[in-house]
Each structure stands twice: as structure tokens, then as C-alpha cells.
Amino acid sequence: MTVKELAEKLNLTIYCGESGLNKEIAGGYTSDLLSDVMGNCNAGNVWVTLQTHKNIMAIASLKELAAIVLVKGFKPEPETIEKSNEDEMPILGTDLQTFEITGKIYELIHS
Amino acid sequence: MNTFRADLHIHTLLSPCGSLDNTPTTIIERAKEQQLDIIGITDHNCGLQSFLVKELGEKAGIFVMMGMEVTTKEEAHCLAFFEKKSVVNEFSNFIYDRILPIHNDPDKFGYQVVIDKDEDVINEIDKLLISATDLDIDQLEKEVHRRNGLFIPAHVERPRFSLTSQLGFVPPDMNVDGFEISRHTTWSEILAQYPYLKNYSFIQSSDAHYPEDIGKVYAEFTMEAATFDEIRLALKKENGRSVEPHRK
């Protein structure tokens, strides 16, 4: 499944990084501690978080993630958007909370 | 130039997690014993107990930096210091409005009290002070600097409530006056781990919640005098001034 298909199926907002929407999703990771994500998240994962600081972009690019999903209506900060477009790393969003969106993503990936 | 020993991160009994023994009088006594010239009073998200410590410090010959340890939205702890009591007061109110509306339960978290010279309680803070604010770290930095304060991310190498634990690494373009390292590490360990931070100023402080921890580590300032402005200049390494972390 691509990031674009995930966004369509779960009705996610696409904030930025549109040119990376065709990346394949290999799995997911949910965490708000960036040090934890850096240590444990794998390439091709979608990362579910409430963090919006531009450091999320550095970590997503470094780990070659598929996309970032922001929960509870959080929006990326302007500098985060800029980096997302540069690095072709899509940032998506949902109004759902972390538990719910993680469950839905899990279901889709493993169905 | 002279050298001054400074422990710039001390909690009083106002912090819910701070010992009720950590009264302003005890803190000043302990600072004297530990031969500290400068101390910083940094309760969680509130600077209201620092005024009395400042007053007692003046009599005892200890320069007191008034401030607080603010919790950002990312739950990174950052020290903020201001020169004037009026600014600390205003900033305390500003931060109070920005912390989450969670009521403190003293049985679970501890008391949050401000006391006066006679150790009578003059204020009990209602909202839980260890909660996060809704300010992200960049917003907080701007709010501190807008008030001409000093902004120092706290215990940056720690695995919790630090800039590195919450945000993964120190953003290379951060506008900080310095970084604080905890009593659990040394400056050389930090420089080995984060070589790209070598041009920043570092302080080391105890983060004492109990009297016995005050002064266990300290920052040694080389500067003209113990004043707010000299500390600012030393953090900027101006005209031969400097600061170095020390562990006893």
C-alpha cells in the first residue's frame, strides 16, 4: 500500500510533502519520544505522533520513513512544512487520537 | 577576572517533587556550606519562591538568579532566568495560564506552597506545576528572550524530560544562551557525544530537590562580578569571560 492509498482510505489530511505520496508503506510505529523513534523505527514505516517540531522531519528523513501522521488535529509548524516539501516526506493528519488511528492503520496494513 | 561557583538549578519546596525541607533558609545555608557564590532558583513552571531566596541571599552574600524550569509542549525542561522580580512575576503568571488545567493533588504529587520569612504559607498553587505548557520549545525561547531573559535547556543529555529525549537531538540552529548538563555526566562525555555543540557554553547543575544535593556539581564562571549581566556575558564568552561545568 502506498502513502496515498493510506491517506485516501483513512481520510487523512495531506499537509505537505506531496511528492512522496507514492512511497510504499512497510509498517508503522507510534511514539512521541523522538529519541525512541530514532532508535527503534524502521525504514518504510508510517510514524504516528503528536510532535510537530521540525526535528520530526530530520528523524523521518534519516530513518527513511514513508510518512508522518499527526494525531488529534495537530498541524505541522511552518519550518516543518518547508523541510517536508524539500525532503519529499509526506505529513498527514487526522482528528482521531493516537490509539484509534494506530488501530486503523494496523488493520489496513495487516488485512 | 574572578571565578565564581554557581549551581543554577535548585528546586524549593514550591515544586511538588521538591522536599519540604528545601526552604529558602535551608537552601542559602547549604549554598554557603558548599561554597557557592551564585545559585539559581528554578521551580517547575513558577518563580514565586525565588524572591525570598533572593532576599536571604543578599544578606548572606550569595547572588541569586531568579527563574523557573519551564516544561515545553514537547515535555522538554528548559531553564529561564530574568533579572527583575517584576518580570519573574509577570512570566510566572504568563506560564501559569499556559499549563494544562490539572488540579494538584498534594497526596499524590506533593505540596506546592510559597512561604514567607517566618515560614508561614502565603500561597498554595492550585494547578499541577509539573504539567506541560502548550508552548513549543521555539515559542518558549522567543518568550524568554522577548523579556530579555536567559534561556538554557536543562539536563540535555538525560533520557527523560530533556531536549534530546523529547526531540531526538539538539537542533543545530537553536537560539540558546547555553545548555545545562546534569550531575550524572561530565563535560568531556558530552563533547564526545555531541561534537557539534562544542562552541556553545555549558553549565552543570545539581537539579537539587533535597538540601543534600545542592552544590554536588556546579558551573565555574570566570567574569568580573556576580551579576545577571556578567553571567550573560560569560555565557557569550565575551572579553575573556567563560563558564565551565564541574563535577566534584
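Before the exercises, one term: two strands pair if DSSP finds at least two bridges between them. Helices (H or I, at least four residues) and strands (E, at least two) are DSSP runs, numbered from the N terminus.

This is a predicted model, where local features need pLDDT of at least 70, side-chain atom pairs count only at pLDDT 80 or more, and totals for chains, interfaces and linings use all residues. Residues are numbered from 1 along each chain as its sequence is written, while chains are lettered from A and ligands numbered from 1 in the order in which they are written.

**Exercise 1. An edge of the chain B sheet**

Work out which residue in β7(B) is the bridge partner of B:Leu79, and where β7(B) sits in its sheet.

Step 1. Find the two strands: β4 (residues 77–82) of chain B pairs with β7(B) in the antiparallel sense, over 4 bridges.

Step 2. Look up the partner. For B:Leu79, that's B:Ile152 in β7(B).

Step 3. Now zoom out to the sheet. It's open, has 7 strands in the order β7-β4-β3-β2-β1-β10-β11 (chain B), and its pairing is mixed.

Step 4. Check the ends. β7 (150–153) and β11 (242–247) of chain B each have a single partner strand, so each is left with one side that has no neighbour in the sheet. On average, neighbouring strands of this sheet are turned by 25° against each other, direction ignored. (Axes are lines fitted to C-alpha atoms, for helices over the stretch in contact, and angles run from 0 to 180 degrees between N-to-C directions.)

**Exercise 2. A strand on the inside**

Decide whether strand β2 of chain B is enclosed or not, and then take a look at B:Ile39.

Step 1. Get the cut-offs straight: a residue is buried if 20 or more other C-beta atoms lie within 10 Å of its own, exposed if 12 or fewer, and partly exposed in between, with C-beta atoms placed from the backbone.

Step 2. Count along the strand. In β2 (residues 38–44) of chain B, 7 of the 7 residues are buried, so the strand is largely enclosed by the rest of the structure.

Step 3. See who its partners are. β1 (residues 2–10) of chain B runs parallel to β2(B), joined by 3 bridges; here B:Ala6 has B:Ile38 as its bridge partner. With β3 (residues 63–71) of chain B, β2(B) pairs in the parallel sense over 7 bridges, and B:Thr42 stands opposite B:Gly67 in β3(B).

Step 4. Pick one residue. B:Ile39 lies in β2 of chain B, and it counts as buried because it has 31 C-beta neighbours inside 10 Å.

Step 5. List its contacts (two residues are in contact if their C-beta atoms, placed from the backbone, lie within 7 Å). Leaving aside neighbours within four places in sequence, B:Ile39 touches residues including B:Ala6, B:Ile27 and B:Val64.

**Exercise 3. Two helix pairs**

Say how α3(A) is oriented to α4(A), and do the job again for α1(B) and α2(B).

Step 1. Learn the classes: angles under 35 degrees count as roughly parallel, over 145 as roughly antiparallel, 65 to 115 as roughly perpendicular and the rest as oblique.

Step 2. Take chain A. The axes of α3 (residues 55–62) and α4 (residues 78–87) of chain A come within 8 Å and cross at roughly 20°. That makes α3(A) roughly parallel to α4(A).

Step 3. See what meets there: A:Ile56, A:Met57 and A:Ser61 in α3(A) face A:Thr80, A:Lys83, A:Ser84 and A:Asp87 in α4(A).

Step 4. Take chain B. Here the axes of α1 (residues 24–33) and α2 (residues 50–60) of chain B come within 9 Å, crossing at roughly 40°. That makes α1(B) oblique to α2(B).

**Exercise 4. Where the chains touch**

Find which element of chain A gives the most residues to the side that touches chain B.

Step 1. Start with the totals: 8 residues of chain A are in contact with 10 residues of chain B.

Step 2. Name the elements giving two or more residues on the chain A side: α2 (34–40) and α3 of chain A.

Step 3. Choose between them. α2(A) gives the most, with 3 residues.
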